[in-house]
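Colleague: Could you walk me through the labels you put on this model? I would like to hear the reasoning behind each one.

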Amino acid sequence: MNTSELLDLVKIKTIIGAVPLAITGIQMDSRKIKNGNCFICIQGSRMDGHEFAEEAIRRGASLVIAERKETVSESACFVLVKDSVKVMGRFVQHFYGYPSSKLTTFGVTGTNGKTTVSHMIYSLLEAAGRKSAASGTLGFQMDSINVPTQNTTSDIISSTEMMQQAIDNGCEAMIFETSSHGITSGRMWGLTMDIAIFTNLTRDHLDFHKTMEHYGYAKGLLFAQLGQDVSKSKYAVLNSDDPWSEAFSKMTPFETITYGLSEQSDFWAEQINYKENGTGFLLHSPEGVHAVSTSFIGEFNVYNTLAAIAALYAYGLDISKMLSCISRIAPVAGRMEKLAYPEGPVVYIDYSHTPDAIEKAISSLLPFRKGRLIALIGSGNFRDRGKRPIMAEKASVADYVVITTNNPGKEPPASILHDFEKGMQHGRYICIEDRAEAVRHAIRQAEEGDIILLTDKGHEDTMLIGSRYYPYSDKEVVLEQLNVQERADGRT
């Protein structure tokens with residue numbers, strides 16, 4: 001692309017050196033630089049891209065966008081700007097031809113439920129013959145492609161590249177999980193959202209946001225960023241049972257579609273029948289009353305189902321056609337994922353890592369226990385330490401609690417366990433620093449008819465210890481231990 005065409009997008013800038021005629025690509029990671037690329041220096045929470053400008057130039061960068069110049073290299077042109085993140089958003093979109101304008105885009109935000117709602121929307125679109133792609137906690141998904149991503153909300157370059165790949169493969173829609181970190185750090189800048197969905201807001205990430213007000217404001221930015229051009233059809237899909245929805249509705253001029261369990265909502269559920277392997281309910285909608293059957297368990301998944309249906313109604317899908325497919329959608333890996341073996345306990349692996357999510361996960365399982373409910377909780381790496389006692393308080397509803405770590409990082413495991421102990425409401429618990437041993441212990445304690453809930457880890461397949469990630473999976477440990485016990489019981 002012609003370099004001057006890009007630079008004309010920025011009014012206030014200082015150019016140092018000869019401007020190259022064209023650039024061959026845009027990167028913020030110096031390791032990905034190819035000859036003739038533009039390198040954009042981004043100041044992150046852990047690393048400063050300015051420190052890697054020289055490396056980028058050695059790898060072939062001919063243009064460097066920065067907020068300050070720290071190298072004396074004369075082999076590349078430096079352009080100093082006020083805000084590299086904003087410039088990157090504009091440059092990347094222009095370079096790729098504004099791909100979000102060529103897709104219908106869904107943005108799903110909230111403390112809990114983002115992954116499940118995104119999964120439901122993606123699956124229902126595919127079932128309706130509407131080819132789509134999705135990006136979030138589980139990676140980039142399209143057709144048989146499933147590529148891991150570093151964050152729930154990817155950086156703007158990665159997201160734009162994914163959108164372009166979706167367009168090249170004939171997709172007409174793309175779903176993004178949008179985290180509060182991603183929104184406030186500018187990872188969404190330049191992406192045009194068409195349908196913004198809010199699941200709920202409960203305590204999480206206060207190590208980053210400090211207060212619930214700031215956390216709520218961060219989520220609300222998704223709705224404010226729908227823009228002001230009312231000549232376009234855009235929608236805010238809001239959980240009317242969450243008090244934050246009223247504030248979010250006021251942040252956008254576009255139509256609000258609500259869902260919940262009260263008849264004041266546009267989409268609402270009644271006569272809910274919770275079963276061990278799924279849930280049924282009556283759906284009230286603008287198109288009448290419908291019977292719904294899903295393989296998802298718990299009240300929180302009723303909300304997730306309503307959110308997906310309301311979002312796709314805004315998109316234009318027929319409700320009856322959606323409901324004819326919804327019973328065939330399987331739950332997401334690591335989201336109330338059920339594992340069991342004959343005459344043994346039932347194990348559920350769930351990503352619940354907030355007090356609210358743990359409370360809801362436990363309450364969804366209590367009606368089906370024939371014996372005890374054993375809950376495992378964990379946390380680590382100094383993440384929102386204040387929520388740990390509250391998580392333990394919610395977990396205390398279980399008959400037995402195993403307290404352990406998850407991604408301890410550089411935080412002392414004993415400190416993590418101590419934080420949890422402060423919230424325990426009974427003495428029927430044990431602290432085990434090593435998570436794999438904690439999982440084995442929970443299974444060894446269980447008998448036939450017991451239910452085990454493993455929280456916080458979900459689908460993750462690594463463990464952060466110190467500054468390194470090591471292979472680790474709750475599911476693999478569970479299956480290994482169940483197999484050991486099955487052999488010990490004399491079955492093959």
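Modeller: Gladly, and please keep in mind that this is a predicted model. Let's start with Ile-157, which touches Ile-26, Gln-27, Met-28, Met-88 and Val-92, leaving aside residues up to four places away in sequence. Ile-157 is found in helix H5, residues 156-168.

Colleague: Why does Ile-157 count as buried?

Modeller: Its relative accessibility is 4%, and buried means under 20%, so Ile-157 counts as buried. As for distances, Ile-157 and Phe-91 are 66 residues apart in sequence, with 9.6 Å from C-alpha to C-alpha.

Colleague: Now the helices. What makes H12 roughly parallel to H13?

Modeller: Helix H12 (residues 355-365) and helix H13 (residues 388-395) pack with their axes 8 Å apart, at an angle of about 10 degrees. Angles under 35 degrees count as roughly parallel, so that is the label H12 and H13 get.

Colleague: Which residues make the contact of H12 and H13?

Modeller: On the H12 side they are Pro-355, Ile-358, Glu-359 and Ile-362, and on the H13 side Ile-390, Met-391, Lys-394 and Ala-395. By class, 6 are nonpolar and 2 are charged, with no polar residue.

Colleague: On to the sheet. What makes E17 and E21 the edge strands?

Modeller: The sheet is open, with 6 strands in the order E17-E18-E22-E19-E20-E21 and mixed pairing. Strand E17 (337-340) and strand E21 (429-431) each pair on one side only. From one strand to the next, the twist averages 20 degrees.

Colleague: How do you know that E19 and E22 pair?

Modeller: Pairing takes at least two bridges, and 4 bridges join strand E19 (residues 373-379) to strand E22 (residues 451-454), which run parallel. For Ile-374, the bridge partner in E22 is Ile-452. Helix H14 (residues 413-421) also packs on the sheet, where it touches E19, strand E20 (400-405) and E21.

Colleague: Last topic, the rings. Why is the pair of Phe-198 and Phe-248 called edge-to-face?

Modeller: The ring centres are 4.8 Å apart, with 90 degrees between the planes. Rings pair within 6.5 Å, and planes over 60 degrees apart count as edge-to-face, so both values fit the label. Phe-198 lies in strand E11 and Phe-248 in helix H9, so the pair ties together parts that are 50 residues apart in sequence.

Colleague: Are these two rings buried or exposed?

Modeller: Phe-198 is buried at 0% relative accessibility, and Phe-248 is buried with a relative accessible area of 0%. Ring pairs also link Phe-198, Phe-223, Trp-244 and Phe-248 into a cluster.

How values were computed. Residues are numbered from 1 along each chain as its sequence is written. This is a predicted model: local features need pLDDT of at least 70, side-chain atom pairs count only at pLDDT 80 or more; totals for chains, interfaces and linings use all residues. Side-chain values use heavy atoms; hydrogens and water are left out. Helices (H or I, at least four residues) and strands (E, at least two) are DSSP runs, numbered from the N terminus. Buried means under 20% relative accessible area, exposed over 50%, partly exposed in between (1.4 Å probe, protein chains only). Contact means heavy atoms within 4.5 Å. Axes are lines fitted to C-alpha atoms, for helices over the stretch in contact, and angles run from 0 to 180 degrees between N-to-C directions. Angles under 35 degrees count as roughly parallel, over 145 as roughly antiparallel, 65 to 115 as roughly perpendicular and the rest as oblique. Ala, Val, Leu, Ile, Met, Phe, Trp, Tyr, Cys and Pro count as nonpolar, Asp, Glu, Lys and Arg as charged, and the others, Gly among them, as polar. Rings of Phe, Tyr and Trp (its six-membered ring) pair if their centres lie within 6.5 Å; planes under 30 degrees apart count as stacked, over 60 as edge-to-face and the rest as tilted.
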